[in-house]
Amino acid sequence: MKKIVRFTASWCAPCKALAAVLDKIETNIPIEVVDIDEQTDLAAEFGIRTVPTLVLMEDNVATKRIIGLKSKQEIEAFIND
């Protein structure tokens, strides 16, 4: 099963902008939101150094990631490719 893990932080302006972009994308893939300040162990486990970061998981294995604020088209390509 696929899911997207969105690493974010409350103080991160690009993270808020990315959330708005994600709201415009129609997908059946669930998106799990992880605040790096609240879940530091999980952020460390994934090696997150920059937010926002999206990690695509397939069967609980990270298959790819994108870092930073991306356009709707870039995120759709990330999800569908």
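In which strand does Phe-7 lie? Phe-7 lies in strand β1, and this briefing uses that residue as one entry point to the fold. The model is predicted. The protein chain contains three helices and four strands, arranged along the sequence in the pattern β-α-β-α-β-β-α. With a radius of gyration of 12 Å, close to the 12 Å given by the globule rule for 81 residues, the protein chain is as compact as a globular protein of that length.

**Overall form and surface**

- Taken along the principal axes, the C-alpha atoms of the protein chain fill a box of roughly 30 × 30 × 15 Å.
- Of the 81 residues in the protein chain, 38% are buried.
- Among contacts in the protein chain with a separation of 6 or more, 65% join residues that are 24 or more positions apart.
- The protein chain exposes about 5000 Å², and carbon and sulfur atoms supply 49% of that area.
- The protein chain has 10 positive and 13 negative charges, and the mean positions of the two sets are 5 Å apart.

**The nonpolar cores**

- The largest nonpolar core has 13 residues. The residues with the most contacts inside this core are Val-5, Phe-7, Ile-36, Phe-46, Ile-48, Val-51 and Val-55.
- Two elements, β1 (2-8) and β3 (53-58), give two or more residues to this core.
- A second, separate core has twelve residues, including Leu-18, Leu-22, Leu-56 and Ile-66.
- Phe-46 belongs to the group with the most contacts inside the largest core. Leaving aside neighbours within four places in sequence, Phe-46 is in contact with Phe-7, Val-55, Met-57, Ala-62 and Arg-65.

**Two buried residues of strand β1**

- Phe-7 is buried, with a relative accessible area of 0%; a residue counts as buried when this value is under 20%.
- Not counting residues up to four places away in sequence, Phe-7 touches Val-34, Ile-36, Leu-42, Ala-43, Phe-46, Ile-48, Val-51, Pro-52, Thr-53 and Val-55.
- Phe-7 and Thr-63 are 56 residues apart along the chain, and their C-alpha atoms are separated by 15 Å.
- Ile-4 is also found in strand β1, and Ile-4 is buried with a relative accessible area of 1%.
- With neighbours within four places in sequence left aside, the contacts of Ile-4 are Ile-29, Pro-30, Ile-31, Glu-32, Leu-54, Val-55, Leu-56 and Ile-79.
- Between the C-alpha atoms of Ile-4 and Asp-37, which are 33 residues apart along the chain, the separation is 19 Å.

**Backbone features in the loops**

- Most residues other than glycine have a negative phi, and most peptide bonds are trans. The items below concern residues that depart from these patterns.
- The peptide bond from Val-51 to Pro-52 is cis, with omega near 0°. Pro-52 is placed in the loop between α2 (40-45) and β3.
- Pro-52 is one of the residues that Phe-7 touches, as is Val-51.
- Asp-59 is not a glycine, yet its phi is positive, at about 50°. Asp-59 lies in the loop between β3 and β4 (61-67) and is exposed, with a relative accessible area of 59%.
- Asn-60 likewise has a positive phi, of about 65°, although it is not a glycine. Asn-60 lies in the loop between β3 and β4 and counts as exposed at 65% relative accessibility.

**Two partly exposed threonines**

- Thr-27 is located in the loop between α1 (13-23) and β2 (31-35). Thr-27 has a relative accessible area of 29% and is partly exposed.
- Thr-27 and Thr-63 are 36 residues apart in sequence, and 18 Å apart in space from C-alpha to C-alpha.
- Thr-40 is found in helix α2. At 47% relative accessibility, Thr-40 counts as partly exposed.
- From C-alpha to C-alpha, Thr-40 and Met-57 are 19 Å apart in space, with their positions 17 residues apart in sequence given as their separation.

Conventions:
Residues numbered from 1 in each chain as written. Predicted model: local features only at pLDDT ≥ 70, side-chain atom pairs only at ≥ 80, totals over all residues. Heavy atoms only, no water. Core = buried A, V, L, I, M, F, W, Y, C linked by side-chain atoms within 4.5 Å. Buried < 20%, exposed > 50% of the residue type's maximum accessible area, 1.4 Å probe, protein only. Contact = heavy atoms within 4.5 Å. Rg over C-alpha atoms; globule rule 2.2 N^0.38 Å. Areas by Shrake-Rupley, 256 points an atom, 1.4 Å probe, with all protein chains shown as cover. Lys, Arg positive; Asp, Glu negative; His and termini not counted. Charge placed at Lys NZ, Arg CZ, Asp CG, Glu CD.
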